[in-house]
Amino acid sequence: MHRFFAVKFCVRAIQALLILGACGPLFSQPVTGAAPDAARQRVGLVLGGGGARGAAHVGVLQVLEKLRIPVDCVAGTSMGALVAAAYASGIAPQQMAKELAQADWTDLFQDNPGFADTAYRQKRLSQRFIPGSELGLGVDGLVAPPGVLTGQKIKLFFNTLVRADIDERPIEALPLPLSILATDIGNGKRVVLRDGSLTTAMRASMSVPGLMAPVDYQGSKLVDGGLVDNVPVQEVRDRCQPDVVIAINVGSPLLPPDKVGSLLSVSAQMVNILTEQNVTRSLALLRASDIYLRPDLDGISAGAFERNREAVQRGRQAAEESASLLSVLSVSQAAYDQWWRGIALKTQAPPVVDAIEITDLSRAPAESVGQHISQQAGQVLDTAKLNQDLLRIFGEGSFQSVDYSMVTERERKILRITPLEKPWGPDYVRFSLGLSSEIRHGSSYSLRASVHRTGLNSLGAESLMSAELGTQTGVAASFYQPLNRTQRLFVEPSVRLNSVDMPVYQNSSRIADYNFRTASAELGLGVNLGRFGQAKLGLTALNGRASRNTGSLFIRDAEDSQRGWFASLDLDRLDHLYFPSGGWAARLRYASYPRQGYDKLTANMQMAYKFGSFVLPAAASYTGSLGGRLPDFEVGTLGGFLTMSAFAKNQYWGDRILYGRIGAERILGKAPLGLSGDMRIGFAVEAARIGQRFTETQGKGNLRSSVLYLGGETPFGPVYLGFGWAPGARNMYLSMGLR
């Protein structure tokens with residue numbers, strides 16, 4: 001191997017001396033001059049795949065620019081395809097480095113918009129069911145989504161990077177011949193994209209199987225090209241017949257045996273083995289006259305996008321170390337400037353949009369999409385605002401992707417919005433599992449499942465049927481019927497049957513267990529308040545029964561029926577589902593039962609504020625009757641994790657319960673790429689006042705509690721380990737999943 005590189009270096013040196021007209025000894029002077037422009041060698045550039053390690057390509061391009069080395073064609077795979085596409089589009093290496101450094105890669109690998117911009121109904125589904133549990137329900141059974149991600153934000157980023165938001169040029173129209181490599185997941189064949197949509201090709205080449213959904217292309221499904229050709233040397237030979245190939249390999253090395261043990265590491269190693277095999281075949285095609293660079297990227301993993309600046313620096317260093325070989329390919333400054341002017345992206349002002357079109361939808365009215373588009377015909381295109389609007393449309397939950405293109409027809413600029421409805425829909429199944437253990441007071445669990453049918457008519461009606469098994473058991477069904485095509489107004493009838501076992505405590509001892517059974521029905525007229533929430537007004541009917549299961553007779557067995565009306569307001573601007581770092585949420589519901597002589601008000605407020613790595617969360621709630629006494633099956637409760645944590649779950653029953661909590665959390669770390677959330681350690685103080693106690697009746701005064709906890713987000717929901725204490729009370733918690 002050393003002999004091969006020694007021979008290769010000598011051959012390159014001899015070539016340099018011949019070109020420069022040198023006649024002295026072989027190493028009598030360094031290679032510093034530029035080749036005469038007429039004698040310029042044709043150069044093919046190969047940019048290999050490697051995830052975050054691919055940022056090293058940008059550093060190499062910076063050195064090629066410094067040495068004035070023009071390129072005649074370029075081929076790229078995966079992250080190399082992103083850099084190759086940007087380069088062929090005329091994005092200068094320095095600008096490319098800036099764009100990659102400014103990108104929030106953790107956010108780009110999250111499809112959904114921020115939780116605050118997610119549609120109200122999707123928020124409520126996410127709070128009751130694990131977001132990643134969604135499966136399609138069809139005639140052939142359950143259908144899984146094609147990937148953890150659909151690549152929504154990544155595609156919009158590509159649009160902006162290569163300025164496709166102004167006018168996307170197809171691959172064949174680029175002045176620098178470009179080839180992008182992908183894999184046909186249906187037959188395993190190598191696919192070379194030399195024409196068509198540039199950003200779609202970029203998206204296809206980066207589609208890591210299982211993580212990101214394949215791209216539909218001419219009847220095939222395309223995924224990451226690294227599976228078949230991670231360093232596409234042969235492609236540049238075929239594309240422009242170069243005299244010299246510059247190949248950059250940024251692939252991840254194989255893991256040592258002692259690092260391969262978990263399922264994830266085994267899967268990663270399997271992909272690396274497949275990739276290394278095709279890389280070995282490609283590198284065998286290199287000739288003595290070619291230049292091969294493998295930057296030292298030790299310690300930078302394929303997912304370490306936060307280290308892209310370092311990767312760029314290491315790529316630049318690798319190219320500078322080979323400058324003596326590369327400089328043979330240099331041309332004069334005038335010739336290089338002329339070459340780059342033919343490739344560089346011409347500065348263009350954002351166009352004026354003459355018309356906006358939304359492609360046909362089969363399940364939802366186009367107006368339900370159009371109402372979210374703030375861009376107006378006759379106005380200059382605002383790409384940043386358009387991207388936000390498209391993410392909000394995606395956050396409605398009905399689409400696999402929501403893209404756009406600028407189309408010129410008869411000198412008119414048309415903004416074409418292209419939402420793609422989920423092929424595994426329109427009917428879905430979702431699940432959730434919750435487990436909670438209190439060291440002194442036992443355990444509880446919850447298993448939920450739902451069937452969600454969407455697009456039931458031309459206005460976008462939906463039905464939701466759910467069931468729950470565990471400490472609380474019940475079934476529920478609702479029908480959501482929009483009244484107009486923008487879905488601002490709606491009617492929603494619903495029914496619910498519920499059974500829950502409730503402990504009865506007196507003097508901190510569990511003396512009985514009661515069962516509360518309720519059957520309720522509602523008919524609500526509502527209005528969707530944009531991204532803020534929802535308001536409803538309607539009729540309600542409730543039948544409830546309280547009966548003793550075990551222990552002392554503490555309250556009488558009773559059954560009662562109520563009829564009345566309700567009003568509710570639900571606003572949610574929190575920035576995250578489980579561990580918010582900012583924003584607020586408020587939920588109010590008032591129900592009046594005139595014939596029974598009572599009403600019920602429930603109010604909840606939550607907010608969070610972040611500074612640095614600290615978050616200050618706070619919450620307050622009220623449950624009670626403004627007039628009359630609540631029946632036993634409608635009482636408010638206190639006790640349990642983050643609801644007076646020192647006490648057992650539902651240890652206190654009462655009327656007119658006021659609760660407050662304020663705390664501080666320290667962010668310990670972020671979730672891996674492709675997941676959201678973080679891990680925190682927190683402390684909170686809690687206080688409560690109960691107007692009329694139905695349990696623990698001997699106690700008086702206000703309640704106080706403190707809690708220390710460690711929490712984190714998992715694919716199955718939040719996980720908590722907590723310890724709560726108060727004078728005369730202690731409790732420890734372990735909780736996983738949705739409660």
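This briefing describes selected helix contacts, buried residues and backbone features of the structure shown above. The model is a predicted one. Among the features covered are the packing of helix α7 against helix α9, at an angle of about 135 degrees, and the packing of helix α2 against helix α3, at an angle of about 35 degrees. The backbone features include a cis peptide bond between G425 and P426.

**Helix α7 against helix α9**

- Two packed helices are described by the angle between their axes and the distance between the axes.
- Helix α7, which covers residues 152–161, packs on helix α9, which covers residues 198–205, at an angle of about 135 degrees and with 9 Å between the two axes.
- Because angles from 115 to 145 degrees fall outside the parallel, antiparallel and perpendicular ranges, α7 and α9 are oblique to each other, and their crossing is right-handed.
- On the α7 side the contact involves K155, F158, N159 and L161, and on the α9 side these residues meet T199, T200, M202 and R203.
- By character, the residues of this contact between α7 and α9 comprise three nonpolar, three polar and two charged.

**Helix α2 and its surroundings**

- Helix α2 (residues 56–66) and helix α3 (residues 79–88) pack with their axes 9 Å apart, and the angle between them is about 35 degrees.
- The residues that make this contact are H57, V58 and L61 from α2, together with G80, V83 and Y87 from α3.
- Four of the residues in the contact of α2 with α3 are nonpolar and two are polar, while no charged residue takes part.
- Helix α2 is mostly covered, since nine of its 11 residues are buried, and the buried residues include H57, V58 and L61, which also belong to the contact with α3.
- Just after α2, the backbone at R68 takes a positive phi of about 60 degrees.

**Helix α6 and D572 of strand β21**

- Helix α6 spans residues 120–128, and within this helix Y120, Q122, K123, R124, L125 and S126 are buried.
- The cover over the buried residues of α6 includes the strands β14 (427–438), β15 (442–453), β16 (462–470), β20 (533–551), β21 and β22 (583–593).
- D572 belongs to strand β21, which runs over residues 558–572, and D572 is buried, with a relative accessible area of 1%.
- When residues up to four places away in sequence are not counted, D572 touches F115, A116, K123, R124, Q127, R531, F532, W584, A585 and R587.
- The side chains of D572 and R587 are also joined by a polar contact of 3.1 Å.

**Other buried residues: G44, S282 and T383**

- G44 is part of strand β1 (residues 43–47), and G44 is buried, with a relative accessible area of 0%.
- Although G44 and V74 are 30 residues apart along the chain, their C-alpha atoms are separated by 5.8 Å.
- Beyond residues up to four places away in sequence, G44 touches C73, V236, C240, P242, V244, V245 and I246.
- S282 sits in helix α11 (residues 263–283), where S282 is buried, with a relative accessible area of 7%.
- Between the C-alpha atoms of S282 and V231 the separation is 6.3 Å, while the two residues are 51 residues apart along the chain.
- Apart from its neighbours within four places in sequence, S282 is in contact with D229, V231 and V233, and the side chain of S282 makes a polar contact of 3.2 Å with the side chain of D229.
- T383, in helix α16 (residues 383–394), is buried, with a relative accessible area of 13%.
- Leaving aside neighbours within four places in sequence, T383 is in contact with T160, D165 and Y404.

**Backbone features in loops**

- Most residues other than glycine have a negative phi, and most peptide bonds are trans.
- The peptide bond that joins G425 and P426 is cis, with omega at about 5 degrees, and P426 is found in the loop between β13 (412–421) and β14.
- R163, which is not a glycine, has a positive phi near 60 degrees; R163 is found in the loop between α7 and α8 (164–167), and at 30% relative accessibility R163 counts as partly exposed.
- Q487, also not a glycine, has a positive phi of about 60 degrees; Q487 is found in the loop between β17 (472–482) and β18 (489–506), and at 15% relative accessibility Q487 counts as buried.

Methods
Residues are numbered from 1 along each chain as its sequence is written. This is a predicted model: local features need pLDDT of at least 70, side-chain atom pairs count only at pLDDT 80 or more; totals for chains, interfaces and linings use all residues. Side-chain values use heavy atoms; hydrogens and water are left out. Axes are lines fitted to C-alpha atoms, for helices over the stretch in contact, and angles run from 0 to 180 degrees between N-to-C directions. Helices (H or I, at least four residues) and strands (E, at least two) are DSSP runs, numbered from the N terminus. Angles under 35 degrees count as roughly parallel, over 145 as roughly antiparallel, 65 to 115 as roughly perpendicular and the rest as oblique. A crossing is left-handed if the near helix is turned anticlockwise from the far one by less than a right angle, and right-handed if clockwise. Contact means heavy atoms within 4.5 Å. Ala, Val, Leu, Ile, Met, Phe, Trp, Tyr, Cys and Pro count as nonpolar, Asp, Glu, Lys and Arg as charged, and the others, Gly among them, as polar. Buried means under 20% relative accessible area, exposed over 50%, partly exposed in between (1.4 Å probe, protein chains only). A polar contact is a pair of N or O atoms within 3.5 Å; within protein, one must be able to donate a hydrogen and the other to accept it, and residues adjacent in sequence count only if both atoms are side-chain atoms.
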